[in-house]
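Subject: Structure for your study

Dear colleague,

Please find below the structure that I promised to pass on to you. I would ask you to look through it once before reading the notes that follow.

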Amino acid sequence: MRLVFGERDTPYEAARVVVLPVPYDLSLSFLPGARRGPEAILLASRELEPFLLELGASPEEVGIHAAEPVPWVAGMAEESHRLIREEALKHLRAGKWVVALGGDHSITHPLVQAHKEALGAFSLLHIDAHADLYPEWQGSVYSHASPFHRLLQEGFSLAQVGIRAMDRDSLRLAREKGVALFPAHRIHREGLPLKEILAALGKRVYISLDFDALDPSVMPSVGTPLPGGLSYRQVVDLLEAVFAEKEVVGMDFVELSPNGQFHAEMTAAQLVYHAIGLKGLQAGWLSREADHI
Ligand SMILES: N=C(N)NCCCCNCCCN
Ligand SMILES: [Mn+2]
Ligand SMILES: [Mn+2]
């Protein structure tokens, strides 16, 4: 049975948004399981209320189509990443707004490459507990700890929000490359610096959200949990501000590793659905209901 997002799957031709399941998780370094993330989000999404009270709109009305999961090749990261890039490119060239569901964070590299090839330049907003700036980890440049090292080397500008784990070399690299770094401890002490974050981004933005950016109390189903994470409200407020000011060219949500705690899967699905609604409002595909409260 083909899994869809929410209660209503829009036929491909009519859909504006493609949810792209990417169950690749061969680059994980700690707890396994992110390959089951996409399926868990799609299953949980069926339980969401189609009308999103906070937005005063029903994101499903933009037309959401769930694509077939992207295949991967056992033991071959480069080939698996090529498949991800090609699949994303196909949907982008068809004019779709792509929301990729991981899978581990290594998938962001081929996804961003596909968006750059199809759409031109944009800056990166990376929301995560981890900086993921290692040149390689456990012997592989395709590690989930490395996507943003590669993207920096390829010239992308980067803002990182919620970071609470990075090594000295990564911090040095971030400073050298002018990464706009907004670590979790500063956010907890001083509040979410929305103006500074927006100022650090270009007009067009790709957002990569690692679910472990959220505190484990909210999101316990991740492969590398760390204390001191962001609240759901902080992440939603950040997304609202970015979508209101910027053209968000694409998104990925990665590292959900289902472990029987269904509230985490509902949280993940709700966040994806909320982001689709924000894109719908930004793009004019949706309007807030008059009775929006
Ligand atoms: N989810 C991630 N991106 N995890 C990164 C793991 C690599 C750094 N861990 C350092 C561990 C040293 N013992
Ligand atoms: Mn990550
Ligand atoms: Mn992480």
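The manganese ion (ligand 3) has donor residues that are spaced D-x1-H-x79-D-x1-D in sequence. Please keep in mind throughout that this is a predicted model.

**The metal site**

Which residues provide the donors of the manganese ion (ligand 3)? They are Asp 128 (OD), His 130 (ND1) and Asp 210 (OD), together with Asp 212 (OD), which is listed twice, and the distances run from 2.1 to 2.4 Å. Two of these donors, His 130 and Asp 210, link distant parts of the chain, 80 residues apart. His 130 is in the loop between strand 4 (123-127) and helix 4 (147-153), whereas Asp 210 is in strand 7 (residues 204-210). Are these two residues buried or exposed? His 130 has a relative accessible area of 14% and is therefore buried, since buried means under 20%. Asp 210, with a relative accessible area of 2%, is buried as well.

The manganese ion (ligand 2) is coordinated by His 105 (ND1), Asp 128 (OD), Asp 132 (OD) and Asp 210 (OD), at 2.1 to 2.2 Å. Along the sequence, the spacing of its donor residues is H-x22-D-x3-D-x77-D. Asp 128 lies in the loop between strand 4 and helix 4 and Asp 210 lies in strand 7, so this pair ties together parts that are 82 residues apart in sequence. Asp 128 has 0% relative accessibility and therefore counts as buried.

How far apart are the manganese ion (ligand 2) and the manganese ion (ligand 3)? They lie 3.2 Å apart, and Asp 128 bridges them.

**Ligand 1 and the largest pocket**

Ligand 1 is surrounded by Ser 29, His 130, Asp 132, Tyr 134, Trp 137, His 144, Ala 145 and Thr 224. Several polar side-chain atoms can be paired with nitrogen in this ligand:

- For Asp 132, an N or O atom of the side chain is 2.7 Å from a nitrogen atom of ligand 1.
- For Thr 224, the distance from a polar side-chain atom to a nitrogen atom of ligand 1 is 2.9 Å.
- For His 130, the corresponding distance is 3.5 Å.

The largest pocket contains about 230 Å³ of space. Its lining consists of 18 residues, and those nearest its centre are Ser 29, His 130, Asp 132, Tyr 134 and Ala 145. Divided by class, the lining has seven nonpolar, six polar and five charged residues.

**The enclosed cavity**

How many cavities of 30 Å³ or more does the structure hold? There is one. The largest cavity has a volume of about 50 Å³, and its lining is made up of Gly 6, Glu 7, Ser 45, Leu 48, Glu 49, Pro 50, Glu 60 and Tyr 273. By class, three of the lining residues are nonpolar, two are polar and three are charged.

**A pair distant in sequence**

Ala 40 belongs to helix 1 (residues 37-45). With a relative accessible area of 7%, Ala 40 is buried. Ala 40 and Met 266 are 226 residues apart along the chain, while their C-alpha atoms are separated by 8.8 Å.

When you open the model, I suggest beginning with Asp 128, which coordinates both manganese ions.

Yours sincerely,

A colleague

Technical notes. Residues numbered from 1 in each chain as written. Chains lettered and ligands numbered in written order. Predicted model: local features only at pLDDT ≥ 70, side-chain atom pairs only at ≥ 80, totals over all residues. Heavy atoms only, no water. 1 Å grid on protein atoms, 1.4 Å probe; cavity = no way out; pocket = protein on both sides within 12 Å on 5 of 7 lines; lining within 4 Å. Points joined across faces, edges and corners; volume = space filled by probe spheres on them. Nonpolar A, V, L, I, M, F, W, Y, C, P; charged D, E, K, R; others polar. Donors = N, O, S within 2.8 Å, 3.2 Å for Na, K, Ca; no water. Helix = DSSP H or I, 4+ residues; strand = E, 2+ residues; numbered from the N terminus. Buried < 20%, exposed > 50% of the residue type's maximum accessible area, 1.4 Å probe, protein only. Near = heavy atom within 4 Å. Polar contact = N/O pair within 3.5 Å; in protein donor to acceptor, adjacent residues only side chain to side chain.
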